[in-house]
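Hi,

Here is the structure I promised to pass on. Have a look at it first, and my notes on what turned up follow underneath.

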Amino acid sequence: MSDLERLVQDIAGIAIEDNPQIVKQKSRDFFWYSPVLKQQLDHVTGDLVVTPRNEAEVIQVLRACYAHDVPVTARGAGTGNYGQAMPLSGGVVLNLAEMRAVKQIRPGVVVAEAGAILSDIDEKAGAQSGQELRMHPSTYRTATIGGFVAGGSGGIGSINWGGLRDLGNVIRLRVVTMEAEPKVLDLQGEDLQKVLHAYGTNGVITEVEMPLTASYDWVDVIVGFKTFMDSVHFADDLGNRDGLLLKEIAPIAAPLPHDYFLRHQKFLRRETSVVVCMVAPFAMDAFTAFVARNPRAELLYRSDTATDAEKKGLPPAYELTWNHTTLRGLRVDPSITYLQVLYPFPNQVERVRKITELLGDEVPGHLEYVRFDGKVTCFGLPVVRYTNEERLNEIIKLHEDNGCPIFNPHRYTLEEGGMKQTDQVQLDFKRKADPKGLLNPGKMIAWEDPSYDFSSDKLFLFPGLQRGE
Ligand code: FAD
């Protein structure tokens, strides 16, 4: 009997899928955003998809997988875009989608199972108490809260609240370890850093406690500008207005808005750059006054005064922003790809200007205004008109040489996609919580190859990666 057969015996009664086509489909995420990852990971698949209904079943699965040395890769909705949720060495895809209960809503706090969908949480919190999550990714309507804290970083709302890594933006995570007898830990405060944005490499999150804030019927607004830099100056100023409540500020360079936002196209001109905003309804008068002060700004669209006919079929503004900008672009032009850039405070506008001058329409700008370490600055998710990997690497280097760190979305490891250094806290926790290294293998370089030299600029190749045909 094989290890997998023994495993199946041990977890009898828990939902298991072994149809190879379905397993392959559930082994994929949005890795194909990257032409580099598409080539490396296209063949990757798990052996089984296991769908626990509760924490007790998660424990049973992890205990059995530990006993039979079967790798386990947790999966929420599979919307991550660096292959985070892909089981590089096969094994079990642990599908958390059935654990989606919103268990408790009280002033300032929600407790939910890890597989709860973000927009479902907000719908319940809004209806019960006029509250919503502080931030969400643009995959709000599909992504899970567990996947967001394990794989995401921030998004819509980060202009007010910063990112998930900031103390206070996650209250508690309940985590099951991968040991002979799995432990259940409630992590809070500093301990959260052990598993936040660790891609499920050192524990499976079963329950999440998150802070809430007041919810609004946010007004979607698009403001137009003649040049991209005009839109950047406007956004930078807007992000620093203390009295104006917005949830989203995203400058996007022409011709992307017109070419990619097909349903909004009737409001856009090809030569116009835009700032996509979400504004609190009570702040709209102040917001329009702010727009009127700027002779270069033109209000192109606002959802609160648009007619039903005008609004028909339009996606929400947040689905024009963050990685949805890229997704819409890929639908129109599959040859493009993107980067993730930080323009550090206080020279963010100057740095954007420099990069825009250097790269022009080969890398059209897309920025997301956020609070980062308490300062208003911007991330970039610029579109790259992709030619080959060598040129992509040159473009990356050009950003870095100009003081703009890249969080490389063309790598599947935590370190290469992040700060290019070992996260000692996460590594130490993995030693205790996953001593056999069975959780999401291949994603943490520090575990796979402790001698790896991050300064070498060499691509990490996980030896355990399934080989393609
Ligand atoms: P998955 O993709 O299923 O998983 C993500 C990672 O978390 C994987 O490593 C997985 O193994 C691990 N994981 C999942 N569940 C658990 C669990 N219960 N315990 C332990 N580990 C777990 N991200 C942002 O941060 N901001 C954005 O604005 C944003 N916009 C996006 C737009 C598009 C169009 C796309 C394709 C992606 C975007 N992302 C963004 C990335 C991704 O959508 C989010 O991070 C999302 O929250 C991931 O949730 P998920 O349920 O799909 O997680």
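**Leu-238 and its surroundings**

Once neighbours within four places in sequence are set aside, Leu-238 is in contact with Leu-244, Leu-246, Ile-249 and Phe-290. Before I go further: this is a predicted model, so please read everything below with that in mind. Leu-238 belongs to helix 8, which covers residues 228-239. Is Leu-238 buried or exposed? It counts as buried, because it has 24 C-beta neighbours inside 10 Å, and 20 or more is the cut-off for that. There is also a link across the chain here: Leu-238 and Val-376 are 138 residues apart in sequence, yet their C-alpha atoms are 10.0 Å apart in space.

Leu-244 turns up again when you look at Phe-287. That residue sits in helix 10 (residues 284-292), and apart from neighbours within four places in sequence, Phe-287 is in contact with Leu-244 and Val-279. Phe-287 and Leu-244 are 43 residues apart along the chain, with 7.0 Å between their C-alpha atoms. Phe-287 has 22 C-beta neighbours inside 10 Å, so it counts as buried too.

**The protein as a whole**

Stepping back, the protein has 17 helices and 19 strands. Its C-alpha atoms fill a box of roughly 75 × 55 × 40 Å along the principal axes. The radius of gyration is 22 Å, and this agrees with a compact globule because 469 residues packed that way would give a value near 23 Å. Buried residues make up 50% of the 469. Of the contacts with a separation of 6 or more, 70% are between residues 24 or more positions apart.

One stretch carries a label from a record: an unreviewed UniProt entry annotates residues 41-215 as "domain: FAD-binding PCMH-type". In the model, that span is 21% helix and 26% strand, and its end C-alpha atoms lie 40 Å apart.

**The core**

Which residues touch the most other members of the largest nonpolar core? They are Cys-65, Ile-145 and Val-149, out of 130 residues in that core. If you want to see one of them up close, try Cys-65: leaving out residues up to four places away in sequence, Cys-65 touches Leu-7, Val-70, Val-72, Val-92 and Leu-438.

**Around the ligand**

The ligand is surrounded by 38 residues, and the closest are Gly-76, Gly-147, Gly-151, Gly-152 and Gly-200. By type, the shell has 15 nonpolar residues, 21 polar ones and two charged ones. Strand 3 (72-75), helix 6 (145-151), strand 10 (204-214) and helix 12 (322-332) each supply at least two residues to it. Helix 6 gives the largest share, with five residues.

Helix 12 deserves a second look. Its buried residues are Trp-322, Asn-323, His-324, Thr-325, Thr-326, Arg-328 and Gly-329. What do they pack against? The partners are strand 12 (246-252), helix 9 (256-260), strand 15 (336-338), strand 17 (367-372) and strand 19 (383-385).

**Backbone oddments**

A few spots in the loops are worth clicking on:

- The peptide bond from Ala-254 to Pro-255 is cis, with omega near 5 degrees. Pro-255 lies in the loop between strand 12 and helix 9, and both of those elements are among the packing partners of helix 12.
- Phe-345 and Pro-346 are also joined by a cis peptide bond, with omega about 5 degrees. You will find Pro-346 in the loop between strand 16 (341-343) and helix 13 (348-359).
- Asp-69 is not a glycine but has a positive phi, near 55 degrees. It is in the loop between helix 4 (55-67) and strand 3. Asp-69 is exposed, because 11 other C-beta atoms lie within 10 Å and the cut-off for exposed is 12 or fewer.
- Lys-420 is another residue other than glycine with a positive phi, near 55 degrees. Its loop runs between helix 15 (414-417) and helix 16 (424-433). Lys-420 has 17 C-beta neighbours inside 10 Å, so it counts as partly exposed.

That's the tour. Shout if anything is unclear.

Cheers

Methods
Residues are numbered from 1 along each chain as its sequence is written. This is a predicted model: local features need pLDDT of at least 70, side-chain atom pairs count only at pLDDT 80 or more; totals for chains, interfaces and linings use all residues. A residue is near a molecule or strand if its C-beta atom, placed from the backbone, lies within 6 Å of it. Helices (H or I, at least four residues) and strands (E, at least two) are DSSP runs, numbered from the N terminus. Ala, Val, Leu, Ile, Met, Phe, Trp, Tyr, Cys and Pro count as nonpolar, Asp, Glu, Lys and Arg as charged, and the others, Gly among them, as polar. The radius of gyration is taken over C-alpha atoms; the globule rule is 2.2 Å times the number of residues to the power 0.38. Two residues are in contact if their C-beta atoms, placed from the backbone, lie within 7 Å. UniProt positions are given in the numbering used here, feature names are shortened, and annotations may be inferred rather than shown by experiment. A nonpolar core is a set of buried Ala, Val, Leu, Ile, Met, Phe, Trp, Tyr and Cys residues joined through C-beta atoms within 7 Å.
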